[in-house]
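The following exercises ask the reader to examine a protein chain step by step. Each task is followed by a worked solution.

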Amino acid sequence: MKASDIRAKWLQFFESKGHHIEPSASLVPHNDPSLLWINAGMAPLKPYFDGRVMPDNPRITNSQKCIRTNDIENVGKTRRHHTFFEMLGNFSIGDYFKEEAIEWAWEFLTDKKWIGFDANRLYVTVFPEDEEAYKLWNEKIGVPADHIIKTEDNFWDIGEGPCGPCTEIFYDRGEKYGDPNDPENYPSGENERYLEVWNLVFSQFNHNKDGSYTPLPNKNIDTGAGLERFASILQDVDSNFDTDLFMPIIEETSRIAGVKYKENPELDVAFKVIADHIRTVVFTAGDGVLPSNEGRGYVVRRLLRRAVRYGKMLGMDRPFMVELVKTVGDVMGSHYPEVVEKREFIEKVIKNEEERFHETLADGLAILSEMAAAAKKEGHTQISGPDAFKLYDTYGFPFDLTEEYAAEHGLTVDRAGFDASMEEQRERARSTRQVTESMNVQGGPLADLTTKSEFVGYDEYVTSSTVL
Ligand code: ATP
Ligand code: MG
Ligand code: MG
Ligand code: MG
């Protein structure tokens, strides 16, 4: 089943249960200073959940673009994490509650008409005190007791406000993905055998200011399921990256690099990271976020640069990310037309940023080689902290590249000294913050990307001390 069919079936299924189909909101939160990015399907619907706005229809379904930068280190290491992914959701704003949410989840997952998973492979976790959920799974649906795991983790609580227990659904990918005798191998979200596909949150309490919990007059349902994870199961492939959402990007990368995928596990990580990051960069640029040295723009810059460096592992020493934009559009454009409509703009943003980074690397390398020669001449075995910091701060040259280069030349780098210089810089920045914050780096000079000279400027406006 194609990923686009899974997405369509989701929306169609919940529409058939009386839900309004809400288009994906922008990745950039609207009126929500608590979030850097939309990171869950519920995030753009918060005004409904906290009662600020009444929806026309209390039942809502969506496929929401999400970004989770906290998962960046997992990308390419696990089979299931991305920085950009689509969360499929169904929501009830004071309308249906646990029973329908659980019944419908089961129907969607196991009915051949929808996605038709083998019920024997499904496991669920419940909050130990949530007897209602346990009973629904066990008695109403018929999930055997040895497929229901009670865990204290299943409580959704982010401080003051609505909260409640949740139940998560896991798919057993089989022994190939984990030793059945390993006690760590059970549905927990921590291993590759039991793949967490769906989280159903029952928001039924209010977490009060004084720390107490009282029942909410209107109980809500908030669920989220990973489209890419469904696809990996339904397409019977090894990881999310081997689905039709990612393979065209990986194939195009392989073609450009002249390196085959699935021949060397280390290089496969590079293919996956690149495929992940290009999607994130394309979608963020599509939502108007440009690389910069602050906030969201800085995340985008970091992701792009990270991908470029993984590209080097595949032997790519020239801009290539820009060449993948079209493929992302081919894969995603049918549901997210913005990535096709804004393709030219997105390509320009990425090309400029890649070129700039290559220049940065070349300049930094030239300076570093002088520093290394000078250090050796003076009989030192180390690149000093201030030197490494100067490379990083003034030339934007990444610290770990300095370390790598030093090692190749029989030198080490003074990490403690580097950290100390960084701290000093932060101290200095605190006193000048007023000035830098008043500069809108995402607008102004970046709005016009037609000439390169305008792009070269912005490290001069804002130094890396303002970086997160
Ligand atoms: P995991 O334990 O696998 O990190 P999670 O418990 O953090 O997932 P939730 O916050 O419960 O995830 O989000 C709901 C669903 O969204 C998950 O069940 C999963 O299918 C999907 N999901 C969450 N994070 C990611 C990610 N980084 N990449 C892809 N899908 C994700
Ligand atoms: Mg997680
Ligand atoms: Mg989890
Ligand atoms: Mg979860």
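**Exercise 1. Overall dimensions**

Task: Determine whether the radius of gyration of the chain agrees with that of a compact globule.

Solution. The model is predicted. Step one: for 468 residues, a compact globule would have a radius of gyration near 23 Å. Step two: the chain has 25 Å, and therefore the value agrees with the rule. Step three: along the principal axes, the C-alpha atoms fill a box of roughly 80 × 50 × 45 Å. Step four: the chain contains 16 helices and 11 strands, and 41% of its 468 residues are buried. Step five: among the contacts with a separation of 6 or more, 67% join residues 24 or more positions apart.

**Exercise 2. Two domains and their contact**

Task: State how the chain is divided into domains and describe the side of domain 1 that touches domain 2.

Solution. Step one: domain 1 covers 3-234, while domain 2 consists of 246-375 + 440-466. Step two: the C-alpha centres of these two domains are 32 Å apart. Step three: 15 residues from domain 1 and 18 residues from domain 2 take part in the contact. Step four: on the side of domain 1, the elements that give two or more residues are α1 and β2. Step five: this side is made up of seven nonpolar, six polar and two charged residues.

**Exercise 3. The largest nonpolar core**

Task: Explain why the largest nonpolar core lies between the two domains.

Solution. Step one: the general expectation is that nonpolar side chains in soluble globular proteins tend to be buried together. Step two: the largest nonpolar core has 111 residues, of which Ala 105, Ile 278, Val 282, Ala 307 and Val 328 touch the most other members. Step three: helix α7 (residues 265-286) supplies the largest share, 10 residues. Step four: domain 1 and domain 2 both give residues to this core, so it lies between them. Step five: as an illustration of single contacts, Ala 105 touches Ile 169, Trp 198 and Leu 200, when neighbours within four places in sequence are left aside.

**Exercise 4. The surroundings of ligand 1**

Task: Identify which residues come nearest to ligand 1 and which element gives the most to the shell around it.

Solution. Step one: 17 residues surround ligand 1, and Phe 85, Gly 189, Asn 199, Gly 224 and Gly 226 come nearest. Step two: two or more residues of the shell come from each of β3 (84-93), β8 (194-207), β9 (213-226) and α5 (227-234). Step three: β8 gives the most, with four residues. Step four: the shell divides into five nonpolar, six polar and six charged residues.

**Exercise 5. Helix α5**

Task: Is α5 mostly covered or mostly exposed?

Solution. Step one: seven of the eight residues of α5 are buried, and the helix is thus mostly covered. Step two: these buried residues are Leu 227, Glu 228, Arg 229, Phe 230, Ala 231, Ser 232 and Ile 233. Step three: the covering elements include α1 (3-16), β2 (59-67), β3, β7 (161-172), β8 and β9. Step four: after α5 comes Asp 236, which has a positive phi near 50°.

**Exercise 6. Two residues of helix α11**

Task: Classify the exposure of Arg 343 and of Ala 366.

Solution. Step one: Arg 343 belongs to helix α11 (residues 343-377), and Ala 366 is also placed in helix α11. Step two: Arg 343 is partly exposed because it has 18 C-beta neighbours inside 10 Å. Step three: Ala 366 has 11 such neighbours inside 10 Å and therefore counts as exposed. Step four: not counting residues up to four places away in sequence, Arg 343 touches Val 325, Lys 326 and Gly 329. The C-alpha atoms of Arg 343 and Gly 329 are separated by 7.6 Å, although the two residues are 14 apart along the chain. Step five: the C-alpha atoms of Ala 366 and Glu 100, 266 residues apart along the chain, are 64 Å from each other.

**Exercise 7. Positive phi in loops**

Task: Where do Asn 31 and Lys 262 lie, and how exposed are they?

Solution. Step one: most residues other than glycine have a negative phi. Step two: Asn 31 has a positive phi near 55° and lies in the loop between β1 (20-22) and α2 (46-49). With 7 other C-beta atoms within 10 Å, Asn 31 is exposed. Step three: Lys 262 has a positive phi of about 70° and is found in the loop between α6 (247-257) and α7. Lys 262 counts as exposed because it has 12 C-beta neighbours inside 10 Å.

Terms used:
Residues are numbered from 1 along each chain as its sequence is written. Chains are lettered from A and ligands numbered from 1 in the order in which they are written. A residue is near a molecule or strand if its C-beta atom, placed from the backbone, lies within 6 Å of it. Ala, Val, Leu, Ile, Met, Phe, Trp, Tyr, Cys and Pro count as nonpolar, Asp, Glu, Lys and Arg as charged, and the others, Gly among them, as polar. A nonpolar core is a set of buried Ala, Val, Leu, Ile, Met, Phe, Trp, Tyr and Cys residues joined through C-beta atoms within 7 Å. A residue is buried if 20 or more other C-beta atoms lie within 10 Å of its own, exposed if 12 or fewer, and partly exposed in between; C-beta atoms are placed from the backbone. Domain bounds come from an automatic or database domain assignment. Two residues are in contact if their C-beta atoms, placed from the backbone, lie within 7 Å. The radius of gyration is taken over C-alpha atoms; the globule rule is 2.2 Å times the number of residues to the power 0.38.
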